[in-house]
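These are my notebook entries on a structure that is new to me. I set down what I looked up, one topic at a time.

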Amino acid sequence: MRKFLIFLCLAICWVVFLSAVVEMPPFGDPANITNRHVVPRYLEEGVEEGGASNIVTGIILNYRGYDTMGEVTVIFTALAGVLAVLKREDVKTSTTMVATSPVGPSLIVTTVVKLLIPFIVLFAVYTILHGDVSPGGGFQGGAVFGASMIHYTLIFGLLTYMRKIRLAVKVPLESAAILSFAIAGFIGLFFGQKFLTFLMPALSHEAQYLLRHAMLLLIEVGIGVATGIIFGSIFASLEKVERI
Amino acid sequence: MIVQKLGANFNYVIATLLFCIGLFTVITKPNLIKKFMGLNIMEASVFLFIVSVGAVREGSAPIVVKGMEKGVQFVNPLPQALILTGIVVAVSTTALALALMIKLYEQCGTLDADELKGMEE
Amino acid sequence: MLWRLDIILLLFLVATALGVYVTKDLMAASIIFSAYSLTMAIVWQQLSAPDLALTEAAVGAGVTTVLFLITISKTVRRED
Amino acid sequence: MAGVSGHFPILIVVVPLVGAALTPLIGHWRRRLCMPWAALVMLFTFAMTAFLGVRLSLHGPIGYHLGSWEPPFGIEIYFDYVAALTFVIALFGFLVIIFSKRYVEKELEEAKISTYYTLILLILAGMIGFVVTGDMFNLFVFLEIISLSGYALIAIGGEKLTAMAAFKYLLVGAISSLCVLLGVAFLYSITGTLNMRDISHMLTLTDATRVASVALALFIVGFAVKAAMFPLHIWLPDAHALAPSPVSALLSGLVVKTGIVGMIRVLFNVYRINGPLNYGPVLNIMAWLAGITIILGAFFAFFQNDIKMMFAYSTISNIGYIVMGLSLASYFGIVGGLIHVFNHALIKTTLFLCAGAIIYKTGYRKLADLQGIGKKMPITMGAIVIAAVSIVGIPPTAGFICKWFIILGAIEAGKPVLAGMLLLGSLFIVAYYVKIINAAFFREPVHEITEVDEAPASMLIPIVILAIGCLLMGVFAYAPLAFIRPAVTGFLR
């Protein structure tokens, strides 16, 4: 009964949405307001102004760089939240389900994973560094990197993972994304420009572009590394089993 | 007329339908993990909606390749940039929620919303 | 021609979403959810958003599903 | 604008963010330094917001274009009169961090301390960023930062029911964030832009009013959840009552206000009262729901016996006042509502910090256990009395002025019934504060709380500062009007 009422409510909801959808500009029409108002500038000048032939990357880092800074903060917040709820894994008190499982990982699986992981990491690095010319970028590559770490931990257990990536390395790298954004932003302030400006008119033409390239690279690598490490940390914190 | 309009905007129709299906899952399913799958469905549906807003028929991906002639019709890159942020937000929320669920299970031994409500009193 | 494929993919999205709703086994449901994410990635590729397709395939279908699976293995597997 | 002060609008967001990112590092190195570090960061931020506040009152709103991209293309920070709220956020954030020191040492595990301060700085940075941003999607991003850190802070204590309260909040909050995002999507599809002022301009050119109305409805639902308006308030009492007390103070005093600020942004900055979309009926519904919120919140508060639960329900009731004031859409109504945003933030922060001090010292939270506490902790209970008097609205206090303005607004708008609802709610509020004061001062203690004395200085100082603030708000109740009057004039233009 209750279910039916909810169903009815949501059906009405959908009809209301549809009434709006009918009025929306037609799907895929180049003449829509969304394609005429702000975006032409991105498409025409984006490559020159943003310094990336992948316009999406250009927007993420330049026009909407502040949003991306918020985005890396969100994922950092998620990590802090997970740690607030579950605490970090600890060599003394935690073990993993791999270790407690009655069946160990088979030889085939461990060998294949061992062979595969370097290639996944290579792909992640490629995705991070080539974000400006092809699909990809810091976050995408970071997600792949994080997935590789998750993969590794799932097969070889938490203790191996903890030995490979120590806490003293992990903690600074988790903050790397926000900090690299802040550093890039403050470089802008140093040259008397607005926060997150990448082109400094005070410098010579070549130095400007070189500096921008360096800053964008710093941000991309910062996002990539931080995202990967954070995914790994979140996973490890969720996966650990308290040793009794 | 209306049907034609809806047919042209089929992506939005499906996106809003998925939004409602997700919401239905969230509200009616008692299991918390299932509720969260519903929420993820909702999230993806909103992303589909926004990406569809930026789509252009026969448009190519917004990546400028050397030697490309002028006047190529690109799709709108802005929604894509927004959704990239959106996906991060979604996975962050999911991670936090799952951590809470593990904690909740440690404390209460169940993930059923009705049983948990009974435990609260 | 491609638009026909889009419609099939969109309908498949609805089917997988309903599948998540109906399935009682949470492990199966999370696999179906993974299929939903993957289909979404293909839809976005069709809409010329390769960046998003890449991210969704890695995050939605990969990381999120693994997180779900780990939670299920640490808590309950059956719904009811 | 010369020198570094021209960059303050962004630095008030970035400084706490960077502070939060560095806190785990400092915690890893020396755990004891986390709290002084967090306090230092917030003090610095507070100084900058104070400077911006002065500049705002002298020269008017300040725009800041991030990355030097002019508004519709890049993201704009717009430090307008509503953004003066950042001053309150930074100040209270600083006081709450000072208060937290002893509380956290006692209540939290050693390993969670640095995480706690990280999350506190993140939630404060999120709120400041949310209030000052002039971009619709950026608003959503900061809303998520606030929400995620809020959920985590509720559950950080690790007691039995907290995870459940946090999860309930998370589920409702995540849906509401999605509503906001879908609203942004609908608006973007008909305006093609994300900058608030540009959207407002483009809305006058479009004829897709139904899309705009659906988007408005989604925004209102989304922000009403965050602000805990009836019937979407269910998550609030548990979340606010079970969180650690300094966190409750932040959540109740400031975080629910982000829902209000969101509504203000959408209703008055994006859609505009005299804009193309006539949303009078929506405001009407909101006003009536706010009336119900006032009465129900106060009614439930009266029947609670847990003091934090009481304050939590009282928050719901007070949110009702604010929303009612705003939705009257008349000069007096909005002014009253906005004064109450400041006023309630001050009072509720005081009350929850006092409750925290009492729980810290006695370990009890039920009113029946706390009888006679007034003689043992006179300063804390004195602060509660001051806050209670000002929230009830006895004439010389600040509470009186906002209620007076809202009632004037209701009569001006020709809705005397709403004024009646407001008065009825006030009666309940009087009743339950009388209940607290009676129990604390005029009853004999039931428990042996003889060895209980006043809370430590690091807790008392913030409480005393806030209580003095309550008194000063009464004397200088018209001081916030310097910011509110131009804001409201802008809304009604």
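Entry 1, pairs of chains. I looked up chain C and chain D in this predicted model and found that these two chains do not touch. Their nearest C-alpha atoms lie 15 Å apart. I then asked which chains have the most contacts among the five pairs that touch. The pair is chains A and D.

Entry 2, chain D against chain A. I looked up how many residues each chain brings to this contact, and I noted 49 residues from chain D and 46 residues from chain A. On the side of chain D that touches chain A, I listed the elements that give two or more residues: helix 1 (8-29), strand 1 (62-65), helix 4 (113-132), helix 5 (136-155), helix 6 (162-191) and helix 8 (209-227) of chain D. I recorded helix 5 of chain D as the source of the largest share of this side, with eleven residues. By class, I noted that the side of chain D that touches chain A divides into 32 nonpolar residues, 14 polar and three charged.

Entry 3, chain C against chain B. I found 37 residues of chain C in contact with 35 residues of chain B. The elements of chain C that give two or more residues to the side touching chain B are helix 1 (2-22), helix 2 (26-46) and helix 3 (50-74). Which helix of chain C gives the largest share of that side? I noted helix 3 of chain C, with 14 residues. I entered the classes for this side of chain C as 25 nonpolar, eight polar and four charged residues.

Entry 4, domains of chain A. I looked up the division of chain A and found domain 1 (1-37) and domain 2 (50-242). Taken over C-alpha atoms, the centres of domain 1 and domain 2 of chain A are separated by 36 Å.

Entry 5, the largest nonpolar core. I recorded 373 residues in this core. The residues with the most contacts inside this core are A:Val82, B:Leu96, B:Leu100, D:Ala152, D:Ile154 and D:Ala166. Helix 6 of chain D gives the most to the core, with 22 residues. I also noted that the core draws at least three residues from each of domain 1 (1-37) and domain 2 (50-242) of chain A.

Entry 6, D:Ala152. Leaving aside the neighbours of D:Ala152 within four places in sequence, I asked which residues are in contact with D:Ala152. I listed A:Ala80, A:Gly81, A:Ala84 and A:Val85 from chain A, together with B:Leu96 and D:Leu119. I noted that B:Leu96 and D:Ala152 are both among the residues with the most contacts inside the largest nonpolar core.

Key: Residues are numbered from 1 along each chain as its sequence is written. Chains are lettered from A and ligands numbered from 1 in the order in which they are written. This is a predicted model: local features need pLDDT of at least 70, side-chain atom pairs count only at pLDDT 80 or more; totals for chains, interfaces and linings use all residues. Two residues are in contact if their C-beta atoms, placed from the backbone, lie within 7 Å. Helices (H or I, at least four residues) and strands (E, at least two) are DSSP runs, numbered from the N terminus. Ala, Val, Leu, Ile, Met, Phe, Trp, Tyr, Cys and Pro count as nonpolar, Asp, Glu, Lys and Arg as charged, and the others, Gly among them, as polar. Domain bounds come from an automatic or database domain assignment. A nonpolar core is a set of buried Ala, Val, Leu, Ile, Met, Phe, Trp, Tyr and Cys residues joined through C-beta atoms within 7 Å. A residue is buried if 20 or more other C-beta atoms lie within 10 Å of its own, exposed if 12 or fewer, and partly exposed in between; C-beta atoms are placed from the backbone.
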